[in-house]
Amino acid sequence: MKKIILSIALAFIGHLSWSQTSIGTYAEISEPSTVCVSFEYKNETKKDGRTTTGLLNVGYSTMTLSDGPLSVDGKGYALQLGGRTYHKGTKGWYGENFITYSSVKFEETILGTKVDGKYSYWSLINPAVGYRFDLGKYIMIDPYIGFNWKWEVKGTGIVDNKAVDNLIYKAGIKIAFKL
């Protein structure tokens, strides 16, 4: 898995056009919730004025698994590779979609008993719609909403995937800086 992730990251870095690149961070409320570092680079401008960009997000995920009175907090990571299409230029309305992988581990001791497990999923359908505001020449703010249809990997330990929905909604905000 580490070799696959490294290969994707190197291919992404080799494809960058540094004059049209931004780096930022975003926070997303969903299941799991995520805080990521985001890299965005310009791909092309279409004849009709739409602009496409590529994105790579790497982040930290948290999730609470609840079953009756039992509640366990987990921590993990998320990897997203995707694209965004702006209606005009590289600001204003946009639509985006990501290929996503996320994994969250649960490790706690409750009343002297070790409780652990792992939840992970893949997603090819992870779209959102948002609006990019430019604050000056170098700072951008992007609020967005969307949904994620998750294809779950069989959970381990206390995770049986029955307590987690496959179709979830998300909302977030990204703050980025042009390089």
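**Figure 1. Strands S2 and S3 pair in the antiparallel sense in this predicted model.** The pairing runs over 12 bridges. Val37 stands opposite Val58 of S3. Five residues lie between the two strands in their hairpin. Within that hairpin, Gly49 takes a positive phi near 95°.

**Figure 2. Strands S1 and S2 form an antiparallel pair.** S1 covers residues 21-29, and S2 covers residues 33-45. Eight bridges join them. One partnership links Tyr26 to Cys36 in S2. The hairpin from S1 to S2 passes through three residues.

**Figure 3. Thr52 sits in strand S3.** The strand spans residues 51-67. Thr52 counts as buried because its relative accessibility is 13%, below the 20% cut-off. Leaving out residues up to four places away in sequence, Thr52 touches Lys42, Asn43, Glu44 and Lys46. Under that same exclusion, Arg84 and Thr85 also touch Thr52.

**Figure 4. The largest nonpolar core has 10 residues.** Its members are Met63, Leu65, Val72, Val104, Phe106, Val115, Tyr119, Tyr121, Val159 and Val164. S3, S5 (91-110) and S6 (113-125) each supply at least two residues of this core. S6 gives the most, with three residues. A second, separate core has six residues, including Tyr26, Tyr86, Tyr94 and Tyr144.

**Figure 5. Leu65, one of the residues of the largest nonpolar core, is shown with its contacts.** Residues up to four places away in sequence are not counted here. Leu65 touches Val72, Phe106, Val159 and Val164, which are also listed in the largest core. Further contacts of Leu65 are Leu70, Ser71, Ile158 and Ala163.

**Figure 6. Asn148 lies in strand S8.** S8 spans residues 139-157. What makes Asn148 count as buried? Its relative accessibility is 3%, and the cut-off for buried is under 20%. Two polar contacts involve the Asn148 side chain. One, of 3.4 Å, reaches the side chain of Tyr121. The other, of 2.6 Å, reaches the side chain of Ser123. Tyr121 also belongs to the largest nonpolar core. Setting aside neighbours within four places in sequence, Asn148 is in contact with Tyr121, Ser123, Ile125 and Asn126. With those neighbours still set aside, Asn166, Leu167 and Ile168 are in contact with Asn148 as well.

Definitions and conventions. Residues numbered from 1 in each chain as written. Predicted model: local features only at pLDDT ≥ 70, side-chain atom pairs only at ≥ 80, totals over all residues. Heavy atoms only, no water. Helix = DSSP H or I, 4+ residues; strand = E, 2+ residues; numbered from the N terminus. Buried < 20%, exposed > 50% of the residue type's maximum accessible area, 1.4 Å probe, protein only. Contact = heavy atoms within 4.5 Å. Pairing = 2+ DSSP bridges. Core = buried A, V, L, I, M, F, W, Y, C linked by side-chain atoms within 4.5 Å. Polar contact = N/O pair within 3.5 Å; in protein donor to acceptor, adjacent residues only side chain to side chain.
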